[in-house]
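Q: Could we go through this structure together, step by step?

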Amino acid sequence: MNVLPLFVAIPLGAAFLTPILSKAGNRISAVLGLCANGFIMGLSIWIIQYSKDTIVYFAGGWQPIAGIPIGIAMVMDGLTVVMLLIINVVGFFAMLYSLNYMTRYTETGKYYTLFLLMMGGLNGVVLSGDLFNLFVFLEITAIASYSLVAFGVEAEELEASFKYQVLGGTASAMILLGIAVFYQLTGTLNLADASRVIEGIGLNPAVIFVGILFLVGFSLKAALMPFHAWLPDAHPSAPAPISAMLSGVVIKVLGVYTLIRMFFNIFGIGRMSFVLIVFLILGTLSMVAGAFLALSQKDFKRLLAYSSISQIGYVIFAFGLGTPLGFLGGLFHLINHASFKSLLFLNSGAVVYRTDNRDMEKMGGFSQRMPVTGTTSLMGSLSIGGIPPLGGFWSKLVIVIAAVESHHFILAGIAVLTSIITLAYYLKVQKMTFFGKLSDLYKGVKEVPVLMCVSMVTLAILSLGLGVLLLPQLRNIILDPAVNVIAGGLDYAKMVLGG
Amino acid sequence: MIVYVLAILLFLIGLYGIVVKRNLIKIVISLMIMEYAINLFFALIGYREGGAAPIHTEELGDNMVLFVDPLPQALVLTAIVIGLGTTALLVSFAVRIYEKYDTFDVRKIRKLRG
């Protein structure tokens, strides 16, 4: 039996059941959500063994006729495996963390429904082999995250979510217009089939128009620098586990994954080489500006949000280099960033949980009272700051080496300098929040409940140890197949449809 | 050709509204105009001059060219439903924001900074 539909069906089915079960108590819907997430996490780990193959599932058994797909396809290749791992592992620990954290809020049954909808949507985006389904899953994820950002329904949260919705809606409109022109151009919505058709058409102005629409739309979703305005408001306003999901997973799946899939596998980067230059410019801009804006922040979660912009800049910059080593660095940094940024958002949530405060100037000395939160956040900060031998160091090293190798010496220098700034503002976080003198106001602060600690410790271990992914044995089964998919470019069509 | 241009013009009107308008409700309406322009454009793509409805197929025989392409219509239906969801969410948020801030003016809704 093909397991691919389960990644979408289980979260969506659980999302349907939670509102019914929450009549019997919000606790039950929480447990159901956790079970569903746990199951698909197990599935995403189990499926690693197939990372070198391309598995295609045609919904309803509508097999292609003479190599032309007529049904809806779900496609799993090396890149998808990596994205599924990120989504479901981070999703599971964010869900585990929510069990305690969400007791601060009312109506938590609805929270789990929205969370599961978001999970289903995210899995759908990476599995979809069909442009319109990709759009539908993207909208499911987006609508769920709009509501989750405003889950506290305070004035600031509503304002942030409205801003997010207007910019997200504009991005979706751009993407949908792109899909319309794309369909007119190719007469098909299946990505693999369309890739072949475009190869036949060649590069005409309409193809470039579609490319630009997708570039703007997906960059808005990824919050790259000129399109970043919504992120520093939306990510801090959400409940902490949702901030972790949004920064750790959602911008990567809706933005980075879609950009990579469209431009490297469908349009073919060889034909649209201007996109690489755009990636380099947007990436460097986000990297530098995000870091400088983060440096001046006083709000813990807002600083983390600006840091996300900066780190996504690194990822896009690495892909913009256009070399296999660059792809490796970008993907590796994507995985690393998912682990340490979600960890740091969970840490900020732990502080908020005990003190109801996000202003770092009023904090200090929490390490004495909250040893687990303090230690894990130190690990996360050092990893994102690029201290050897933690995970973040290796991915940044690979990116810098790739930049030097492709003769972008100045940009490599900028990447190194940005890394130092990153370390500086994370040391500032550590100094202001977890070290120093404990103020009298917070003498009674205690460590957070055990489930929250479990989530943070696991993610901390991941962010410490992810450097092992570069070891040849692990690299062979996780990173290399994904890099091969991206570097293979237009071979995607051949892999999916055969022949 | 002129209808395609008009659909794109409608899209640009919506985009203009989102950028320029200061009232939350007007922003929502602009977003809706943009969405409907795309839906119109999408439906136009599948249209064939003098084409038959795609459900009456037996009279046409093998002459597939005379079909109106049904796929964009199905997609537009889905897009309309998604549009309904986003618009309902946006309007309900606008109402909640009005309760908190007593205004629809985006220049006065500024509690977030930095």
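A: The following exchange covers the model, its cores, a few elements and the contact between the chains.

Q: What should I know about the model and its numbering?

A: This is a predicted model, in which local features need pLDDT of at least 70 and side-chain atom pairs count only at pLDDT 80 or more, while totals for chains, interfaces and linings use all residues. Residues are numbered from 1 along each chain as its sequence is written, chains are lettered from A and ligands numbered from 1 in the order in which they are written, and side-chain values use heavy atoms, with hydrogens and water left out.

Q: Which residues touch the most other members of the largest nonpolar core?

A: They are F214(A), F263(A), F267(A), F319(A) and L331(A), in a core of 207 residues. Helix 10 of chain A (residues 240-267) gives the largest share of this core, 19 residues. A nonpolar core is a set of buried Ala, Val, Leu, Ile, Met, Phe, Trp, Tyr and Cys residues joined through side-chain atoms within 4.5 Å. Buried means under 20% relative accessible area, exposed over 50%, and partly exposed in between, with a 1.4 Å probe and protein chains only. Helices (H or I, at least four residues) and strands (E, at least two) are DSSP runs numbered from the N terminus.

Q: And what does F263(A) touch?

A: Not counting residues up to four places away in sequence, F263(A) touches G211(A), F214(A), L215(A), G268(A), I269(A), M272(A), V275(A) and F279(A); contact means heavy atoms within 4.5 Å. There is also a second, separate core of 13 residues, which includes A318(A), L321(A), I399(A) and A412(A).

Q: Changing topic, which residues of helix 7 of chain A are buried?

A: In helix 7 (residues 191-201), the buried residues are L191(A), A192(A), D193(A), A194(A), S195(A) and I198(A). The buried residues of this helix pack against helix 5 (131-149), helix 6 (155-186), helix 8 (205-222), helix 10 and helix 21 (491-497) of chain A.

Q: Which residue caps its N-terminal end, and what follows the helix?

A: N190(A) is the cap of helix 7 of chain A, with a side-chain oxygen 3.0 Å from the backbone nitrogen of A192(A). After the helix comes G202(A), whose phi is positive, near 85 degrees.

Q: What about S463(A) in helix 18 of chain A: buried or exposed?

A: S463(A) is buried, with a relative accessible area of 0%. A polar atom of the S463(A) side chain lies 3.0 Å from the backbone oxygen of A460(A). Residues touched by S463(A), beyond four places in sequence, include S339(A), F340(A) and L343(A).

Q: Now the two chains: how many residues does each give to the contact?

A: Chain B gives 37 residues and chain A gives 35 residues. About 3200 Å² is buried between them, with carbon and sulfur atoms giving 77%; buried area is the accessible area (1.4 Å probe) that two parts lose on being put together, summed over both. I82(B), F93(B) and L112(B) supply 19% of the area that chain B buries against chain A, more than any other three residues.

Q: How many salt bridges are there between chain B and chain A?

A: The count is zero, a salt bridge being a side-chain nitrogen of Lys or Arg within 4 Å of a carboxyl oxygen of Asp or Glu.

Q: Which helix of chain B gives the largest share of its side of the contact?

A: Helix 3 of chain B (70-101) gives that share, 15 residues.

Note on methods. Polar contact = N/O pair within 3.5 Å; in protein donor to acceptor, adjacent residues only side chain to side chain.
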